[in-house]
Amino acid sequence: MKSEPTVRAPGRPRLIQFARWFPVFVGILTASSSIFAEPPANSLIPSIFSPDSTPADHIYGLALFVLSITTVIFVVVFTLLLYATVKFRMRRSDDHREPPQVYGSNQIELAWTVIPVLIVVMLFLATARVIAQVQDADRSPDSIDVTAIGHQFWWEFRYPGLGVVTANELHIPVSDSVSPTPTFLKLLSADTDHSFWVPRLAGKTDLIPNRVNQMWIDPHHTGLYLGQCAQYCGTQHALMLLRVYVDSRSDFDAWVRSQSRSAVAVALTNADAAKGREIFEATSCINCHTVRGTVADGRFGPDLTHLMSRETIAAGAATNTPANLKLWIEDPDAIKPGSLMPAMRLTEQDLNSLTAYMETLR
Ligand code: HEC
Ligand SMILES: [Cu+2]
């Protein structure tokens, strides 16, 4: 059957149209290549392209391997496509007849079935190897155990054996080849699904109700590593931030020593703080918060025993300053709309006293 010749509107030749878009392609490629540029060692950018822990190293290696193979595929396919588009484009001199149709070449059909299957098998094996490497980690006797519990919308960290309970800011020792001290995390959830993700330290692992998940990290340098809950868990999922402080061994030991102490009794000289403690213990604050060494033993909200040792409050939503603390106690929604701490409608004076009490929790 002979098809009707299609009439083409006299427009710009396709090559010129392509040339117009070429700078855009180059721009996108340059921009995307910048993610490979190594950020400075102390960078806070949580990038998977600057791993600093063994599991993250393995994942990074795999990612580069997969990216290089897919880049080769992209270049080959795109080159062929470009070649065919340019070489066989419609010309004015064309007779508009349908080109010869070729069907059923066994060689070609076999090639484009077998080669992709081989590539997929190769990627599968490489991935399986990395999963096995990460999961079969040796548990050295010096490793640290932490139970991380996801709550809407904050993190509870318990160090069984060390007598430490804290929230949102995880402290762990640095782990170098001389004295490896990896941290093993047992991941639980108090309510719904969450996901523990600190990109420079390891891949994501979910925290699922009624299930125990495990992961481990062994940061090679001291410093702060930022992360984020990576599983949508409700209104304030986006402000369920994670801060991992990697300390030198001596700093970590000092931190554990001070964290395992009970709250210091408020000095009677600080009348305001003493008043604040009375208010705290007479209201429902104590149903949700623990201050070790006092009557407050609630577990619905973060442990406040050493609140002032944290740099942020409300899972990284605000810095831990007296003004923010006061605002938080007055109206948590002002900092984190939808958070599960109620505004307690306290008077200005009570707020000041409570804030003064909070500031004694060192
Ligand atoms: C119904 C339970 C509940 C009550 C009552 C409650 N809180 Fe909270 N509180 C929470 C929860 C949940 C969070 C964590 C919110 C978040 O980060 O999303 C929190 C967080 C906090 C924080 C920040 C802690 C941190 O490390 O991020 C402070 C400080 C605090 N509450 C003080 C108080 C005070 C003072 C009172 C009493 C006036 C009180 N809370 C009453 C549930 C409660
Ligand atoms: Cu979450």
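How are H5 and H9 oriented to each other? I took this as my opening question for a predicted model.

**Entry 1: H5 and H9.** I looked up the two axes and found that those of helix H5 (residues 271-282) and H9 come within 7 Å and cross at roughly 100°. Angles of 65 to 115 degrees count as roughly perpendicular, and H5 and H9 are therefore roughly perpendicular to each other. I then listed the contact residues. H5 contributes Asp272, Ala273, Lys275, Gly276, Arg277, Ile279 and Phe280, while H9 contributes Asp350, Asn352, Ser353, Leu354, Ala356 and Tyr357. Sorted by class, this contact holds six nonpolar, three polar and four charged residues.

**Entry 2: H7 and H9.** I turned to another partner of H9. H7 packs with H9 at an angle of about 125°, and their axes are 9 Å apart. That angle makes H7 oblique to H9. I noted the handedness as well: H7 passes H9 in a right-handed crossing. On the H7 side I recorded Pro322, Leu325, Lys326, Ile329 and Glu330, and on the H9 side Leu351, Leu354, Thr355 and Met358. The classes in the contact of H7 with H9 are six nonpolar, one polar and two charged.

**Entry 3: Ligand 1.** Which helices each supply at least two residues of the shell around ligand 1? I found three named: helix H6 (285-288), helix H7 (322-330) and helix H9 (348-358). The residues around the ligand number 32, and Trp154, Cys285, Cys288, Gly301 and Met341 come nearest. By class I recorded 22 nonpolar, eight polar and two charged residues in this shell.

**Entry 4: H2 and H3.** I next examined helix H2 (residues 54-87) and helix H3 (residues 106-135), whose axes come within 9 Å and cross at roughly 175°. Angles over 145 degrees count as roughly antiparallel, and H2 and H3 are therefore roughly antiparallel to each other. H2 enters the contact through Pro55, His58, Ile59, Leu62, Phe65, Val66 and Ile69. H3 enters through Ile119, Leu123, Ala126, Thr127, Val130, Gln133 and Val134. I recorded 11 nonpolar, three polar and no charged residues for the contact of H2 with H3.

**Entry 5: Backbone details.** I looked for exceptions to a general pattern. Most residues other than glycine have a negative phi, and most peptide bonds are trans. Where is the cis peptide bond that I noted? The bond runs from Gln152 to Phe153, with omega near 5°. Phe153 is found in the loop between strand E1 (144-151) and E2. I also noted Ala315, a residue other than glycine with a positive phi, near 55°. Ala315 lies in the loop between strand E11 (312-313) and strand E12 (318-319).

**Entry 6: Confidence.** Finally I checked the predictor's confidence. The mean pLDDT of the chain is 89, and 90% of its residues reach 70 or more. Which element of the chain has the lowest mean pLDDT, and which the highest? The lowest value, 68, belongs to helix H1 (residues 14-33). The highest value, 98, belongs to strand E2 (residues 154-159).

How values were computed: Residues numbered from 1 in each chain as written. Chains lettered and ligands numbered in written order. Predicted model: local features only at pLDDT ≥ 70, side-chain atom pairs only at ≥ 80, totals over all residues. Near = placed C-beta within 6 Å. Helix = DSSP H or I, 4+ residues; strand = E, 2+ residues; numbered from the N terminus. Nonpolar A, V, L, I, M, F, W, Y, C, P; charged D, E, K, R; others polar. Axes fitted to C-alpha atoms, helices over the stretch in contact; angles between N-to-C directions. Parallel < 35°, antiparallel > 145°, perpendicular 65-115°, else oblique. Left-handed = near helix turned anticlockwise from the far one by under 90°. Contact = placed C-beta atoms within 7 Å. pLDDT = per-residue confidence, 0-100.
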